[in-house]
Amino acid sequence: MGTFQIEGGKTLKGEITPQGAKNEALQVLCTVLLTPEKVTITNIPDIIDVSKLITLLGNLGVKIKKNGHGSYTFQADEVNIGYLETEAFKKEGGSLRGSIMIVGPLLARFGKGYIPKPGGDKIGRRRLDTHFEGFISLGAKFRYNREDHFYGVERTERLKGTYMLLDEASVTGTANIVMAAVLAEGTTTIYNAACEPYLQQLCTMLNSMGAKIAGVGSNKLIIEGVEELGGCEHRILPDMIEIGSWIGLAAMTRSEITIKDVSWDNLGQIPSVFRKLGITLERKGDDIFIPAHKDGYEIKTDIDGSILTIADAPWPGFTPDLLSIVLVVATQAKGEVLIHQKMFESRLFFVDKLIDMGAKIILCDPHRAIVIGHNFQSQLKATTMTSPDIRAGVSLLIAALSAKGTSTIQNIEQIDRGYERIGERLTAIGASIVRI
């Protein structure tokens, strides 16, 4: 396992540009399976999870050409469906949760789609029911090999459009069903659909390929099926989770940082939530400027003076991927905040590492933690820790960069899964991070 050694307590300064969005990339890369024509995608982040998916597409027979950093052209005109039934695929697909989204396109275009039980972060139970219930509603037959944890859907005739009310506004579930429905016969209505910006990007991309999707940006999508799709060019949005991470980093290290080209209009509640923590953010064109918080930052209370609660919710609510960042930033704020992680039951279990560093945190239960900020009166202490998942790993990295002394973070492959060259990019603005 790789390790970071971080010398904390340094003030950073400069500009940082967010990578392309991981969660969008995992969706839009799967669309290349829907057409035999060329699809060019730019601003693809160079991270482990995305690289695994690109490799998987290549093993399925997709022709891949790298045009330059973050730019690829794909052509799925000779897909090898037989690869889905190999042991190599079972091993490869099981290591990446995003691989579930190849199922919808394969089902729609080739009549079958299989996937081993996907991997990914160990942050609690992450259901696949929404995906497969949607495929079944479109007319597919479901298969599940309990012994091998192998899922599959098949069709003998073209999928049929239908009305469906999703049991949860699953982002990947909605994406998968949309990619299947665009080639179905008739009209599909998806109610309680996810509507976050990356899902909007997927729908916009599919429409540019010839799909007919209405209601983009709402929780009700109406899809008129088409016979076939063509090629297109698509650019991925900047990663809003990375943008939130850099806001938190700037505040915790009391650094002056400009985050470039953030696509402000797609950030939703992210700026307002950090402002509730007392963090100053300024909009400069499409950049975010965070001044050095020399005097710290104070958490706002609710209107009636009660303790602030920050909770996650499906879009346009606050993304669960940034609650870990908010929690660590709150450890040096003036005031208290209740962090309520509603959507996953194991994502707060990294707080014991922060407590070891001197943070004042009360873990109420698997979903809630109260943070009592130090107001920079007491600096966190360096320690040795292990990254449990992508977002907790970056939160611990931020804590280490603000701490007194040299910290060690092990299992940094978890961080590499979601953040491109993070050590190099932060070192360029003054961080002291050594990869071992």
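Tutor: Accessible areas here come from the Shrake-Rupley method with a 1.4 Å probe; for residues, only the protein chains shown count as cover. By that method the accessible surface of the chain comes to about 17000 Å², and 47% of it belongs to carbon and sulfur atoms. This is a predicted model: local features need pLDDT of at least 70, side-chain atom pairs count only at pLDDT 80 or more, and totals for chains, interfaces and linings use all residues. Residues are numbered from 1 along each chain as its sequence is written, and side-chain values use heavy atoms, with hydrogens and water left out.

Student: What makes the chain as compact as a globular protein of that length?

Tutor: Set its radius of gyration against the globule rule. The radius is taken over C-alpha atoms, and the rule is 2.2 Å times the number of residues to the power 0.38. The chain has a radius of gyration of 22 Å, close to the 22 Å that the rule gives for 436 residues, so it is as compact as a globular protein of that length.

Student: Why is Thr3 called buried?

Tutor: Buried means under 20% relative accessible area, exposed means over 50%, and partly exposed lies in between (1.4 Å probe, protein chains only). Thr3 has a relative accessible area of 13%, so Thr3 is buried. Thr3 sits in strand β1 (residues 3-7); strands (E, at least two residues) and helices (H or I, at least four) are DSSP runs, numbered from the N terminus. Contact means heavy atoms within 4.5 Å. Leaving aside neighbours within four places in sequence, the contacts of Thr3 include Ile409, Val434 and Ile436.

Student: Why is Lys10 called partly exposed?

Tutor: Its relative accessible area is 33%, so Lys10 falls in the middle class. Lys10 is found in the loop between β1 and β2 (13-16). Not counting residues up to four places away in sequence, Lys10 touches Thr253, Leu401, Gly430 and Ser432.

Student: How do you know that Cys30 is in no disulfide?

Tutor: A disulfide is a covalent bond between the sulfur atoms of two cysteines. The cut-off used is a pair of cysteine sulfur atoms within 2.5 Å. A search of the whole structure finds zero disulfides. For Cys30, the nearest cysteine sulfur is that of Cys232, 14 Å away, so Cys30 does not meet the cut-off.

Student: And what about Cys232?

Tutor: Its nearest cysteine sulfur, that of Cys203, is 13 Å away, and Cys232 is in no disulfide.

Student: Why do Cys30 and Cys232 count as buried?

Tutor: Cys30 has 0% relative accessibility, so Cys30 counts as buried. Cys232 is at 11%, so Cys232 counts as buried too.
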